[in-house]
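Open the model in your viewer and colour it by secondary structure. The stops below go through two sheets, the helices lying across them, and then the cysteines.

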Amino acid sequence: MRQISYSEAIAEAQLQEMQRDPRVFLMGLVLRDPYGAAFGQTKGISTKLGTDRVLDTPISEQGYVGAGVGAAITGLRPVVELQFQDFITICMDQIVQQAANMRYMFGGQISVPMVIRAPTGAYLSACAQHSHMLESWFAFIPGLKVVLPSDAYDAKGLLISAIRDDNPVLYFEHKRLFDKKTAVPEEPYAIPLGKAAVKRPGKDITIVAWSFMVSKALDAAQQLEAEGVSSEVIDLRSVSPLDEEAILTSVEKTGRLLIVQETYRHCSVATSVSALVAEHAFDSLDAPIRLITAKAAPLPLAPVMENFILPQTDDIVRAAKALRRS
């Protein structure tokens, strides 16, 4: 199977869905060629399909996200890109008040089949205003689905499912993954939203992660294997809906849980997963639940300081070994 990058997989998913369904169109900043978005996620699409369905917009997140909501409720299927996830704060009303609530407020008579894509995450020394991970905010909002692929294979299959979904889906792409290549089929395929993946089976400890943290968890699991610790790595893929069954099944097998999250601990997906296991699988635990998260501080520009704030592979290894000894 050919190897393509994460950004190429995203572009291919959009192109194939646009070819399949004439209602799908793209909106955002510099999406047309030769740019193909900030990280190449739409590269080649306007060359192949023309510019009528690849709309370059002004720098007005409120304006074009709001236009996407309007287009979705009239029967189109927009894929709206924010150049960085950090700028999603500007259009919170359009997403949280409008897109998330419309199906309920209109008694199920309308749907909002739109995808909002946004590059997310840190580890690039891009400083505080270009490095946020805000998935925990939106996992809290009923009516929204929140997806975070960890490799190119998942990026394509999850995006195809997101575009076909009749609900608003936030699809967050980690900036450190754009160049990472994975085997990806050429033909379209859909990965169900809300279905986690066991990226590495194990028997001693469960490591739950998502997005770029899956890569760090897998690196840590490889190191731990050399020291006799068998780690099962669960990639959530989406944090809303959350695959509770996959988490609980793994913890019941291993008896130990380590949750790895790039962003801050307080009021987060990691704390929700911890609460889920404490409530439903407490008797299966042989040791306290451990969380590896960012320290509660804005991200600095200096790489050494950014690395100090953010979770690292060594942090996961140390926490897992301590859990194994407990």
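Begin with the sheet of five strands, an open one with mixed pairing and the order E9-E11-E10-E13-E14. Strands here are DSSP runs of E of at least two residues, helices are runs of H or I of at least four, and both are numbered from the N terminus; two strands pair if DSSP finds at least two bridges between them. Select 197–200 and 290–294 next: these are strands E9 and E14, the edges of the sheet, and each has a single partner strand, so one side of each lacks a neighbour in the sheet. On average, neighbouring strands in this sheet are turned by 25° against each other, direction ignored.

The model is predicted, so local features need pLDDT of at least 70 and side-chain atom pairs count only at pLDDT 80 or more, while totals for chains, interfaces and linings use all residues. Residues are numbered from 1 along each chain as its sequence is written, and side-chain values use heavy atoms, with hydrogens and water left out.

Now select 205–209 and 257–264, strands E10 and E13, which run parallel and are joined by three bridges. On this pair, Ile207 stands opposite Leu258 in E13.

Add the helices of this sheet. Helix H9, residues 244–254, lies across E10, strand E11 (231–235) and E13, at about 155° to E10. Contact means heavy atoms within 4.5 Å; axes are lines fitted to C-alpha atoms, for helices over the stretch in contact, and angles run from 0 to 180 degrees between N-to-C directions. Helix H12, residues 313–325, lies across E10, E13 and E14, at about 150° to E13.

Move to the other sheet. Seven strands form this open sheet, in the order E3-E2-E4-E5-E7-E6-E12, again with mixed pairing. Its edges are E3 (54–56) and E12 (238–240), each with a single partner strand, so one side of each is left without a neighbour in the sheet. The average turn between neighbouring strands is 20°, direction ignored.

Select 24–28, strand E2: three bridges join E2 to E3, and the two run parallel. Gly28 stands opposite Asp56 in E3. Then show 152–164, helix H7, which lies across E2, E4, E5, E6 and E7 and runs at about 160° to E7.

Last, the cysteines. How many disulfides does a search of the whole structure find? The result is zero, a disulfide being a pair of cysteine sulfur atoms within 2.5 Å. Cys91 is buried, at 0% relative accessible area, whereas Cys127 is partly exposed, at 33%. Buried means under 20% relative accessible area, exposed over 50%, and partly exposed in between, with a 1.4 Å probe and protein chains only.
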